[in-house]
Amino acid sequence: MAIMGMNYSLIYEFPFLLLLVLLQVHTCMGSNTISAGQSLNGNQTIVSKNQVFEMGFFTPGNSRNYYIGIWYKKAGNQTIVWVGNRDKHVSNPSLSSLKLLENGNLTLVAGGSTVIWSSNSFSRLPNSTVGVLLDNGNFVIRDVSDSSIVIWQSFTHPTDTILPGMINGYNKIKNESIVYISVRGLDDPAPGNFSIEMDENPTSLLFKTNGSVSWSAYWIGSGFTTGYVDKKWTKFPYGLDTTYVENEKESYFTFAPTSPTALTRMTVEASGKLCQYIWRESSRNWTENWCILADGLREFNMLCGPFTVRDIYNTTLCVCLQGFEPKNTKAWELGDGLDGCVRRAPLQCNARDDTFVEVRNIVFLSQPEEIKVKNIEACRLACLSKCSCNAYYFDDSCFIWVDDLVNIVPSSPHEVRPYWHIRMGASHLSESKVANRKTTWIAISILLGWLFLTFLGIGLVFLGMRYFVDSLERVEDSLVLYRYKDLKLATKNFSQKLGEGGFGSVYKGVLANSTCIAVKKLMSMQQAEKQFRAELKTIGAIQHVNLVRLRGFCAESSRRCFRGFCAESSRRFLVYEYMPKGSLDSSLFGTSLTVLDWNARCRIAIGVAKGLCYLHEECRECIIHCDVKPENVLLDEDNNAKLADFGLAKLVGRDFSRVLTTMRGTRGYLAPEWISGLAITPKADVYSYGMLLFELISGKRNNTQLEQGMEHYFPFRVSKSLSHGEDVFPLLDCRIEGNAEREEVNRYCKVACWCIQEDEKSRPNMSQVVQILMGVKEIDLPPVPLFLERLAGVSMEAMNYYQVTTSGGTTQYYSFSS
């Protein structure tokens, strides 16, 4: 009876159980497709073939609004990568449906009739399409019989997330970009304030804030660079295989993780950052790998564990420090370095058995503990006295790192730093080396102690004689406000003049700490104090490896009265970093026996171009230099170029144009729009840069060649040779003796000719110039500039001729009639 009762129970319950199973199957749809006429509603979803992505209705954050989206099925708590109806939500998913219509249009309908969103895709034949969610996160509507025919795909209509395989590109036929736009917040996926897209100029990426460019990056062959202050050009995306494609229809880039099984994504965050995330299966969470902030600066998070070096310039691979080995070998071989490394020889935690190894080419980004000691030996002993101390660094002060060493990155090859000292077990080195090192340190410590006392005495006397800027006021977090009497003392009453221009003279000075500075005394100042400081705030915030750094300024007013009449005057100075090799004109046109070789000239040309590119395209507010010439290009010890005097147009005010057009040595670099009175744009700097580039190639001033006749004018000779298909290599500065790449000389000549085109619309922008000079972008044959064609038919007598006589000699200028 019991058995019979059980059977009857199963008979009656079976239909109910079958219904539950069918309902569950309907909820998940058990498929990765939506066929024509089929729909999703309520909690129904479709899942990609290998269970990677899921698509359906979701609610973001704490919101009660519903949206159609795609998310990772197993990675994270519903990490959304795409949203369809981000501009308009639905309130009840049970009364809403996402349906693939017979005509191939994917439509979200609420309340049975209100269309909330649609893909606006249409097929040629009815019932000929199917929607498929792929394992890469792309939802495609394609032809049923031919899967290669894709009618619509979510990858070309993205939201804020860039997945591997997605493209960031520009359609040359439709003249439109694929734009990735941030969400407004965790609870609202509507379009936010930040976006990234490919520029219509190939190879360039633009990051925008409220529609205005915040920073840009361009393709350098294996990635993109933002061109910021680093001593070498770093690339992004970091740790990803990036591919760039350009053809007659489109230009785009796409990326893939270095490990094919890794889950990664890039997201334009609501906070204004572009970040890459990597899924860590061991901890079941997304780890932030790197971010580029809204102002273009980068930040990195720790993906490499303790005692590892992470190469931020080229890859995200982790490398163990010298004397260390991976802690988790299996994870390490799979590319997971989060567990870090451990010493091969354990520490004994005593001064007798532990020693240090010296490493120079790394930087610790983690915060150290500072200890007040007199010399490096005392610093070493301070570290040894703590068992938790793993490293120390001495540079006037002693810094020690306790606990595990994390966030270690390579230093720039141009940086010169004292050694870092990493603590090791005694067995790492032989006892004799340890003993010798101790003896050496004792001798060095005695010597340093003696030198310290000697220089301390000298320093006290020196400081007593030269009280200087130790108590200077620091303003705007970056600039120092100097006092006039301090600058007068530093420059020895302005006795050592470095140069002179229309905006004032430049003097060499030496601070109390022996730091050399260049002090520029400004003339023709028309601005009030408040406006002057506001402009300086903008200029002081600009930092780039190819721009001379502004250290500070002086702004003091004085009032003098005589018989009841009073007059006010202002003293205004700019204080810059000092460049030991001076300006480019002295190295290029001077009488020195040392000649700039071709590689140095190329490095200078690219450096100046990068500096201008930063001013034009990467600052929050476009800055036009307005006075690009060899005198304003300064060189450091390695002949790296730094552009000076940027921002003076705004500081000097309305007299800038008058001073500029009458300044000695400037007129020959001014674009035609300066003379004609047209509006000045960044393309005026491009023209000036072209003239400077001609002089780098020839090694002579353009105007001096013009004195011999138009046929000797170097820009005209180059442009005519190119237009006739002649070789321009013989026109290269003879002092180089032909030690240059012929193709490179030809490319530089073409760039110079394009830069001086009379119509500014025909000139390239500076980011394009950088790309061409670096050989990552092709360049067409330039036409002969129209003004050169006209001048070729004008005799020398028809040229308006005048000369300006100075203490340094006579400089000739020419003005041409059109």
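**Salt bridges and a buried strand**

Q: In the salt bridge that Asp733 forms with Arg601, how far apart are the closest N and O atoms?
A: Asp733 and Arg601 pair up through their side chains in this predicted model. A nitrogen and a carboxyl oxygen have to be within 4 Å to count as a salt bridge. This pair makes the cut, with its closest N and O atoms apart by 2.8 Å.

Q: How many residues apart in sequence are the parts that Asp733 and Arg601 tie together?
A: Let's place each partner. Arg601 belongs to helix H8 (residues 598-618), while Asp733 sits in the loop between helix H14 (714-723) and helix H15 (742-755). So the pair ties together parts whose separation in sequence is 132 residues.

Q: Is Arg601 buried or exposed?
A: The cut-off for buried is under 20% relative accessible area. Arg601 comes in at 1%, and its partner Asp733 is at 4% and also counts as buried. With that 1%, Arg601 is buried.

Q: Which residue is linked with Asp585 and Arg701 in a network of salt bridges?
A: Start with the pair itself: Asp585 forms a salt bridge with Arg701, with the closest N and O atoms 3.9 Å apart. Asp585 lies in helix H7 (residues 584-589) and Arg701 in the loop between helices H12 and H13, so they tie together parts 116 residues apart in sequence. The network has one further member, Glu631.

Q: Which residue forms a salt bridge with Asp486?
A: Asp486 is buried, with just 2% relative accessible area. Its partner is partly exposed, at 26%. The two side chains meet at 2.5 Å, N to O, and that partner is Arg483.

Q: Why is strand S10 largely enclosed by the rest of the structure?
A: Look at which way its residues point. Thr129, Gly131 and Leu133 go one way, Val130 and Val132 go the other, and all are buried. So S10 is largely enclosed because the number of its five residues that are buried is five.

Q: Which strand forms a hairpin with S10?
A: S10 has antiparallel company: three bridges join it to strand S1 (residues 33-35), where Ile34 partners Gly131. Five bridges join S10 to another antiparallel strand, in which Asp143 stands opposite Thr129. Five residues sit between the two hairpin strands, including Gly137 with a positive phi of about 95°. The hairpin partner is S11.

Q: Which strand has the lowest confidence?
A: The protein averages a pLDDT of 78, and strand S5 tops the range at 96. Where pLDDT is low, coordinates shouldn't be read in detail. The lowest mean, 34, belongs to strand S47.

How values were computed
Residues are numbered from 1 along each chain as its sequence is written. This is a predicted model: local features need pLDDT of at least 70, side-chain atom pairs count only at pLDDT 80 or more; totals for chains, interfaces and linings use all residues. Side-chain values use heavy atoms; hydrogens and water are left out. pLDDT is the predictor's confidence in each residue, from 0 to 100. Helices (H or I, at least four residues) and strands (E, at least two) are DSSP runs, numbered from the N terminus. Buried means under 20% relative accessible area, exposed over 50%, partly exposed in between (1.4 Å probe, protein chains only). Two strands pair if DSSP finds at least two bridges between them.
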